[in-house]
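Good morning, everyone, and thank you for making the time. I would like to walk you through one protein today, going from the overall picture to a handful of single residues.

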Amino acid sequence: MFKYNTGFDSEFQTSALPNALPPFGNNPQVCPYNLYAEQLSGTAFTVPRKDNRRTWMYRTQPSVLHNPFEEVEGGSLSHGPFTRSPGYRISPNQLRWNPLPLPSSPSTFVEGLKTIAGEGDPKSKQGLAIHMYACNRSMVNEAMYNSDGDYLIVPEMGRLVVQTELGFLEVGPRFICVIPRGVVFRVEVEGGCRGYVLEVFKGHFDLPDLGPIGSNGLANARDFEYPVAAYDEVENVEGKTKEEKYNWKLINKFGGLMFSTERCGTPFNVVAWHGNYSPYRYNLEKFCCINSVTFDHPDPSIYTVLTCKGDEVGTATADFVIFPERWMVMENTFRPPWYHRNCMSEFMGMIWGKYDAKEGFQAGGASLHSCMTPHGPDYKTFKGASECELKPHKFDKGLAFMFETNVILNISEKALAAEHRDVNYFKCWEGIPNAFQGKKENKKRKIGP
């Protein structure tokens, strides 16, 4: 069990040794324990103070101790600018995938990441990417950081222990974690692990505004957990060659490409830190769900956990939305999600159980309904919900989520050609009858004045 600080976007200070933080100021002439002061900035220096995110770290050695980076094969993770990347194309079709197969050979979290879709260009800090991962091997003497944006990780299978520069996060199914841009991390696993990743190239995740809901509800700030300082044992490198000293592999996702180098010793050498730019985790079971108690099925925006705000007020670069356990009591209402065409694009995943709007959507699977692509319940669900007695009912059979974005996503050719893609997904709507009972009046239309 790891200890945590609590409070979304709060200012924390934490130390793994007594008095390792400077008593005042940020970068004294000599730091306690002869540590090195290093600032990690997640925003420009001059953004408004309420939006400014940075953390001061006090480490046994600074981050600069590494060899030059060299570009490496990124496999299914490299993408470049999505609008010009070979291997990606747009599609207006309803798309669905069965669960991503677990690897048949040892594969780390980084090796198991596969880009499904995206839009924009990380070099201009515009847009986002959606990935899925399947892995079965811990990262040993290997770490990664992402220069392109923030990762929001949604585990579906298996427990991840995420070691970051700022401390540890334990993240299993029904939890999420966010690794901000630039934070070095590695992932330990036990057995097969699988899940989803949302990456935003611009801005950071924030709590959604509550509007008329008031000051409480949805994801409460006090339930977000941040790591406390922890560092690896300092290795004695006296008498070792440079090759022996530079014994860690460091991976950098940079401009949609992958780069790698060797660094001198562990990057997890931060003895103390203070600031408001840090990874965090959240237990989805603590989400305070809002729903109608009279009639109608509200818009799914009431289930937003985190949002990455876009340039237009009220329109997000990406929202993270969940469909949790909840009571449904609406009268004279079709209670499952309605048929819908949306100016946003909706990528959905399933963490456990089953979805209440259609059959065949499996835990570990995914679907994509792009901008203005029609979607909604299959006929069996529609018929059942149209004919059932409307008693108060608690939905507790599963946990689905959605990455919603205002852009049209470019889809990986590999994902479109994958064996686990459900190419017959569109057939779930076949057989919906025309049950219209009205009769058109036979009137001649008058033309002209």
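I will begin with the whole chain, then turn to the strands, and finish with a few individual positions.

Please keep in mind throughout that what you see is a predicted model. The protein contains 3 helices and 29 strands, and its C-alpha atoms fill a box of roughly 95 × 50 × 45 Å when the box is taken along the principal axes. For 449 residues, a compact globule would be expected to have a radius of gyration near 22 Å, and the protein has 24 Å, which agrees with that expectation.

Of those 449 residues, 53% count as buried. The accessible surface comes to about 22,000 Å², and 52% of that area belongs to carbon and sulfur atoms. If we take the contacts with a separation of 6 or more, 77% of them are between residues 24 or more positions apart. As for charge, there are 48 positive and 51 negative side chains, and the centres of these two sets lie 7 Å apart.

Let us move on to the strands. It helps to recall that strands of a sheet pair through backbone hydrogen bonds, and that they may do so in a parallel or an antiparallel way. Here, 10 strands form an open sheet with antiparallel pairing, and their order is β1-β17-β21-β14-β11-β16-β9-β8-β29-β6. Which strands stand at the edges of this sheet? They are β1, residues 4-6, and β6, residues 88-89, and because each has a single partner strand, one side of each is left without a neighbour in the sheet.

Within this sheet, I would like you to look at β8, which covers residues 113-121, and of its 9 residues 8 are buried, so the strand is largely enclosed by the rest of the structure. Strand β8 is joined to β9, residues 126-135, by 8 bridges, and the two run antiparallel. These two strands form a hairpin with 4 residues between them, and lysine 125, in the turn, has a positive phi of about 55°. Strand β8 is also joined to β29, residues 410-412, by 2 bridges, again in an antiparallel arrangement. Glycine 118 lets us see both pairings from one position, since it stands opposite alanine 129 in β9, while its bridge partner in β29 is asparagine 410.

Elsewhere in the sheet, 4 bridges join β14, residues 175-179, to β21, residues 280-283, and these strands run antiparallel. In this pair, cysteine 177 has arginine 281 of β21 as its bridge partner.

Another pair to find on the screen is β12, residues 160-164, with β15, where 5 bridges join the two antiparallel strands. Strand β15, residues 185-189, is mostly covered, with 4 of its 5 residues buried, and in this strand valine 187 is the bridge partner of valine 162.

Now for the single residues, starting with backbone angles. Most residues other than glycine have a negative phi. Aspartate 9 has a positive value, near 55°, and this residue sits in the loop between β1 and β2. Leucine 218 also has a positive phi, near 60°, and is placed in the loop between β16 and β17. Are these residues buried or partly exposed? Aspartate 9 is partly exposed, because its relative accessible area is 27%, whereas leucine 218, at 3%, counts as buried.

Next comes glutamate 38, which is in strand β3, residues 36-41. With a relative accessible area of 17%, glutamate 38 is buried, because the cut-off for that word is under 20%. Leaving out residues up to four places away in sequence, glutamate 38 touches Thr55, Trp56, Met57, Arg59, Pro62 and Ser63. The C-alpha atom of glutamate 38 is separated by 32 Å from that of threonine 115, a residue 77 positions away along the chain.

My last residue is histidine 420, which lies in the segment after α3, the helix at 413-417. At 16% relative accessibility, histidine 420 counts as buried. What is histidine 420 in contact with, leaving aside its neighbours within four places in sequence? The residues are Trp97, Asn98, Pro99, Leu100 and Pro101.

That is the end of my tour, and I am happy to take questions.

Notes: Residues are numbered from 1 along each chain as its sequence is written. This is a predicted model: local features need pLDDT of at least 70, side-chain atom pairs count only at pLDDT 80 or more; totals for chains, interfaces and linings use all residues. Side-chain values use heavy atoms; hydrogens and water are left out. The radius of gyration is taken over C-alpha atoms; the globule rule is 2.2 Å times the number of residues to the power 0.38. Buried means under 20% relative accessible area, exposed over 50%, partly exposed in between (1.4 Å probe, protein chains only). Contact means heavy atoms within 4.5 Å. Accessible areas come from the Shrake-Rupley method with a 1.4 Å probe; for residues, only the protein chains shown count as cover. Lys and Arg count as positive and Asp and Glu as negative; His and the chain ends are not counted. The place of a charge is taken as NZ of Lys, CZ of Arg, CG of Asp or CD of Glu. Two strands pair if DSSP finds at least two bridges between them.
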